[in-house]
Amino acid sequence: MSGFTHLHTVSGFSLRYGASHPERLAEQASERGMDALALTDRDTLAGTVRFAKACEKAGVRPLFGTELAVEPPAAAEQGGRDGRGARRRTPVRGGAFIDESSPRVTFLARDGAAAWADLCRLVSAVHRGGEGPPVLPWEECAADGLAVLLGPASDVGRALTAGRPDRAARLLAPWRERFGDALRLEAVWHGRTGTGPGSLRLAARTVGFAAEQRLRPVLTNAVRYADPGQGPVADVLDAARRLVPIDPSGPLDTGERWLKDGAAMLDVAERVVEAAGFRRDTAHRLLEQTRATAAECLVDPQDDIGIGSVRFPEPGLVGAGRRTAQRVLASRAAAGMVLRGYDRRADARTYWERMHRELDIIAHHGYASYFLTVAQVVDDVRDLGIRVAARGSGAGSLVNHLIGIAHADPVEHRLLMERFLSTRRPVLPDIDVDVESARRLEVYRAIIDRFGEERVATVAMPETYRVRHAIRDVGAALSMDPADIDRIAKAFPHIRARDARAAMAELPELRAVAADAERHGRLWDLVEGLDALPRGVAMHPCGVLLSDASLLRRTPTVPTSGEGLPMSQFDKDDVEDLGLLKLDVLGVRMQSAMAHAVAEAERATGERIDLDAIPDGDEATYRLIRSTETLGCFQIESPGQRDLVGRLQPAAFHDLVVDISLFRPGPVAADMVRPFIEARHGRAPARYPHPDLREPLKETYGVVVFHEQVIDIVHLMTGCGRGEADRVRRGLSDPESQGRIRVWFAQAAAAKGYDAETIGRTWEIVEAFGSYGFCKAHAVAFAVPTYQSAWLKAHHPAAFYAGLLTHDPGMYPKRLLLADARRRGVPVLPLDVNRSAVAHRIELESESGKWGVRLALSDVHGISEPEAERIAAGQPYASLLDFWERARPSRPLATRLAQVGALDAFGANRRDLQLHLTELQRGARGARGPQLPLPGGRRTASAGLPDLDDAERLSAELGVLSMDTSRNLMDDHHAFLDELGVTSARRLRSARNGDTVLVAGAKAATQTPAIRSGRRIVFTTLDDGTGLVDLTFFEDSHEACAHTVFHSWLLLVRGVVQRRGPRSFSVIGTAAWNLADLVELRRDGGLEAVAPRLAEKGPAEQGTADAPPATGNDPGNGRRIRWETGYEMHPWADLSPPGERAATGRKLWHQSPGSAG
Amino acid sequence: MTILCVRFQLPPMYEAALPGLLGLLEEFTPVVEALPPDGALADLRGAERYFGRGAAELAAVIRVRALALHGVDCVIGAGPGPTLARMALRDAGPGRMGEVPRDAVAEFLADKPVAALPGVGPATARTLCEYGLDTLGLVAAAPLSTLQRLIGAKAGRELRERASGVDRGRVVPNAVSRSLATERPFGHDELDTGRHRRALLSAAEELGTRLRALDKVCRTLTLTVRYADRSATTRSRTLKEPTAHSAALTRAAYDMYEALGLQRARVRVIALRAEGLDPAEHSSYQLTFDPLDDKARRIEEVADRARERFGPGAIVPGALAA
């Protein structure tokens, strides 16, 4: 006898319901001797692909299905729904219960592709309703290829629960009519008492009822988790889904819903049939029915679902009606040659040859439609006037360049087609397109319009449980104090949930949480139990599926919540496996920012800037880059990049390409940076392992930086051809194949006559490179916007900042950009309802005659788009009354505008304005008396209220705009900082290497990136109004500093200056204090009160005194994540750090109860 | 004239001890006003001269007596008026009397936050702070018309007066408006309506029993539901007639609870408070022709007697017995 087949099994893809991953289910099924297993997730097929792949690996036959909520048939509804449907009172607190009242039915796909298409259709139909819980309308509930299991949760099952077999028989009729022979009754026993779902009596009734109705019963276990003992996790998921705490006295999971093996299910079957009054051996017949049902479900993952095949949109849609796609592509490429003038160049032959070679490769794979499809999309986007640029290895193809997809000329930049596509590599190449982020949805709509709804869908992105969410959900389920939950969750960095306990043991900043970890006992088990389970689905930010008209038969789609775009339930890996063509359309905020800057410059000055045609090698631009004041410039604004740019001193476009490629974990790991810079500045000679390799390595002074160079090296040394060389390069990242490649490389190179020493040295370089270099095509694609943004910053600073502030593209908070603007002499003009527009604008400042940035209405906290537009449309306003009546702002909004001075033009002080606004609102609400509320015509009369003082104004600006617009927030503390002897960022530039200094500022960014030495290092950037200070905290200081650094806005840091170049220095932090605390102490108790705080040890340090010193100075306990290439990483590096993000200002330290807002 | 404001440090739910403590104060002056649940105002008028001691000394005596006789500590504030005495209490600690000197009232008030003034609730305080009037000094300096525009004519006038140190309040003896409260905490977040209602029933029963034991009736019933996030909802209902009848209290409590329509709210505490207590003999009772009502009251009387004899748990409603 072969094992039992579970026909009703859910995985974690049933959001907040299933507790096991599909992979785990497949593995366990195989281990427990089953040879088939069904996956019937709730309302989704999202787990299907992973499940199918896992089943293939485990040697289990996958069955596909889904469990859907079905609207009861109309006939049944009349007798069924009791009159209690009257709307319940809206709760004053806590919200209403989640409605889960619809009966649920399990569908299984029986025969082939048609059945799979039916499943897709049903699941899509369930979600079509949009708002409200997903329910399948009864009229949609019909399909020939599906088997239907009516279980305890179905309407029939409920009638049996209620002890009403007569009603059950009546409810059964419409089902029988629709599905006839494919109908099954599902008996489930979970060891519950009573007659409810999971009780023995209901199971027995079901089996008895099936016999009576001459229907076939099946036995399932309605599996929710793979292993016994996961019941409590299921309880937490139930609680999280229903948004209620676990009720300890309520019905809890019995712990029976695991993937039981054949013997256990036989036991269950025997108990059920005995309870139903049959002989014990009838159990075998029940199991036989179950097995027979499973045997009827024949859907092949390859043939029927389409895993492993490729589908492009029909050629007719991309301009290839009568001719073949390949011919069309060839003629378009040739046209591109002529258009761009390459055919008239001296080296035209190179171009023609390369084009034909590439076309051959494309023809070899039959990918011509793919190229045409992408070209079509890019053309459509460009027609909309949206900035678009190709990124990724696609930029290496000349054909891509010729048909208008990629900007940069690959021949000139020595980019290789083979990195992108070669005859040796049959996988679908991948072309990514960058568009303006603000208009990304427009692009999606254009694609949908072009190809039709039946061919286009966006891609899903499951959000999985990580530690913070897991703590929040488990804590809420366990009735923990919300304040406690919040504190614990925020203390953690964004790590995997299963690492929660390890992190507490090892990270110094979590010591406080770890100290009372015991108190929360069960919390940690459950948190780790939720690890990586999906908890929601969002639209993938860039993937778009393009397929032929069969798309909807192959993937279920749901409308996205905000935009209503069709979204496939599969994620990006799944769609690749399914052979659906995915185009990555990335919304890049920098593109939007640049577009805005260009539009602003044109609006204000009439000058048209064509960014794609700006001259190369602009001196002012490179001077700006070399000064490292690159805040806001694409790709080169991070502290590490500013440091690198300072050392590298770029002078040409190629230098930017190298710079971007060098700033990756790989090159940093392989220490390519130092020799490169030494050689570049002529301090060390460029060295080549062999004169033959001079050619590919010349451009980078003998240092391997790009993928393309490795391909060239391998190709030159072995003569294997570039396509093969790319395969070899890919093999390098896998330690197993690395060994084989090494032998092959040595043999092939020796055969070409290289001596052993050269081979050895070259291999070392190739090996160290691993897979960690950077694709030059990527780097070139990145360097274009880098140069463009730096050019804008150098030549049109005001417009540049206006663009940045509007679209907020970078890693720094807006207030830092504003500080940068002020430092660079760009006037910042305050918000003014008579002058500000919806977006940031540039304006000629009359005093200085300079272009300044006028702040935007859209940055006001809580302003809605229509409100901002209404205010902008009604300008100018003559008086407060005029503004109130025509712009019709809400009162909180008007108050905020008054607080930040946007209404200053109407006279009176800001508080008086507030009072007037309040009265205007009262007047509008009640009956307006004969007396006008505002005497004095245009000017607003004074009411004698105290005006906002400076601190309050600053606080209002931070609260309302998240920016300190009038002055830097650190200015208030100058006196105190002078007392402490703090060095300002500007003076720090002249500090000597090794000096011990005190620095202070508002935290702008914090990172813990992966570092070559495998240590965890915290990088922080402080802004003190005069500039930025980059701080580095090494592990020995984490014990004392980490918690303060992660959890404070304002920092005072003691550190040692480290210099590496004329413009490159940082401060190595040794001690850190929360400056906000110190300021408060200073204010309340004078310097005497500050002194003890500086003298005392940090909380973490005190902790170490009694904690066992087992961890020593290395919180990772010597543990390292080793990459295949030998690159080591600290286990906790490269994570978003704990605490909130950098200071945005909205939540700041000094909002005293009396201040504005 | 010196007013003392005394706050006894009673453990919660022991308000029953307050009357005895008031008696203690009445030994010094007849003019004592109870501030339930645990405080009182005492006007020392003649007491200072009669006992020949200053306010501070008298306060010390009161504290020692309270400790000796009742084992209850207290903190005491003194000032020229009831409002100022209350504010002085905030600065006081055990064994340290807070005092507002008669001639430095304005200085005392100037730096206080507006919310410190008794009678300025969170809503008024928020309004005033929004307009930058966050200390009483600023309030006193603001134009009267502006204050009246902010919070209304009468409230504005009174606020300005009191912020300037004019304290027209009097200690009114015998205006005993005490209240009785009881609460039912849950060990975890409780969502179950049935259990909420049981808590209400038992709380209302308790209040009824306690009221009848004191021969009091209450005019108003207040329900407070506290949630896991430390927020709370409060609803008050004035009863049709003052009563101490458990069934009537329960009905009012249920009505208030139903009106909240709670579903997913995570309830941690349900508290009931009987307010506006008057002596039972002053209350009127609407007779009805319904004999059931009469019966219920008679049964209650019997049950009370049984409880008196066999302890409070001797007779409970069936719903609570399980």
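Biologist: Which helices do the buried residues of H18(A) pack against?

Modeller: In this predicted model, the buried residues of H18(A) pack against helix H17 (467-477) and helix H20 (511-515) of chain A. Helix H18 itself covers residues 482-491, and its buried residues are Ile485(A), Ile488(A) and Ala491(A). Seen down the axis of H18(A), those buried residues fall within an arc of 135 degrees, so they line one face of the helix.

Biologist: Which residues of H18(A) are exposed on the other side?

Modeller: Ala483(A) and Arg487(A) are exposed there.

Biologist: What can be said of Ser479(A), in the loop between H17 and H18 of chain A?

Modeller: Begin with the backbone angle. Phi of Ser479(A) is near 60 degrees, a positive value in a residue other than glycine. Then look at the surroundings. Ser479(A) counts as buried because 22 C-beta neighbours lie inside 10 Å, and the cut-off for buried is 20 or more.

Biologist: Is Ala532(A) buried, exposed or partly exposed?

Modeller: Ala532(A) has 15 other C-beta atoms within 10 Å, so it is partly exposed. Its phi is near 65 degrees, again a positive value in a residue other than glycine. Ala532(A) sits in the loop between helix H21 (522-529) and strand E10 (534-546) of chain A.

Biologist: How does one check the length of a helix, such as H24 (residues 589-605) of chain A?

Modeller: Compare an expected span with the one in the model. At 1.5 Å a residue, the 17 residues of H24 of chain A should span 24 Å, and the end C-alpha atoms are 24 Å apart, so the two agree. After H24(A) comes Gly606(A), whose phi is positive, near 80 degrees.

Biologist: Which residues of H24(A) are buried, and what do they pack against?

Modeller: Among the buried residues of H24(A) are Met590(A), Gln591(A), Met594(A), His596(A), Val598(A) and Glu600(A). The buried residues pack against three strands and two helices of chain A: strand E8 (432-436), strand E13 (581-588), strand E15 (841-844), helix H35 (776-795) and helix H36 (797-807).

Biologist: Where in chain A is there a cis peptide bond?

Modeller: The angle to read is omega. A cis peptide bond joins Gln875(A) and Pro876(A), with omega about -5 degrees. Pro876(A) is in the loop between helix H38 (865-873) and helix H39 (880-887) of chain A.

Biologist: Which part of chain A does the UniProt annotation "domain: Polymerase/histidinol phosphatase N-terminal" cover?

Modeller: According to the unreviewed UniProt entry, that annotation covers residues 5-72 of chain A. Over this stretch the chain is 31% helix and 24% strand, and the end C-alpha atoms are 29 Å apart. Asp35(A) is placed in the loop between helix H1 (22-31) and strand E1 (36-42) of chain A. With 14 C-beta neighbours inside 10 Å, Asp35(A) counts as partly exposed. A separation of 8.1 Å lies between the C-alpha atoms of Asp35(A) and Phe4(A), which are 31 residues apart along the chain.

Biologist: Into which domains is chain A divided?

Modeller: The division gives domain 1 (22-79 + 98-305), domain 2 (315-462 + 539-590), domain 3 (466-532), domain 4 (591-784), domain 5 (829-961) and domain 6 (969-1129). Taken over C-alpha atoms, the centres of domain 1 and domain 2 of chain A are separated by 42 Å. Their contact takes 11 residues from domain 1 of chain A and 15 residues from domain 2 of chain A.

Biologist: Which element gives the most to the side of domain 1 of chain A that touches domain 2 of chain A?

Modeller: H4(A) does, with five residues. By class, that side divides into six nonpolar, four polar and one charged.

Biologist: How many residues of chain A are in contact with chain B?

Modeller: There are 29 residues of chain A in contact with 27 residues of chain B. On the chain A side, the largest share, four residues, comes from helix H41 (residues 910-925). That side has 15 nonpolar, seven polar and seven charged residues.

Biologist: What describes each chain as a whole?

Modeller: Start with counts of elements and the share of buried residues. Chain A has 47 helices and 23 strands, and buried residues make up 51% of its 1157 residues. Chain B has 13 helices and nine strands, with buried residues making up 36% of its 322 residues. Chain B is divided into domain 1 (3-163) and domain 2 (180-321), whose C-alpha centres lie 32 Å apart.

How values were computed
Residues numbered from 1 in each chain as written. Chains lettered and ligands numbered in written order. Predicted model: local features only at pLDDT ≥ 70, side-chain atom pairs only at ≥ 80, totals over all residues. UniProt positions renumbered as here; feature names shortened; annotations may be inferred. Buried ≥ 20, exposed ≤ 12 C-beta atoms within 10 Å, placed from the backbone. Arc of directions from axis to C-beta. Contact = placed C-beta atoms within 7 Å. Domains from an automatic or database assignment. Nonpolar A, V, L, I, M, F, W, Y, C, P; charged D, E, K, R; others polar. Expected span 1.5 Å × (residues − 1).
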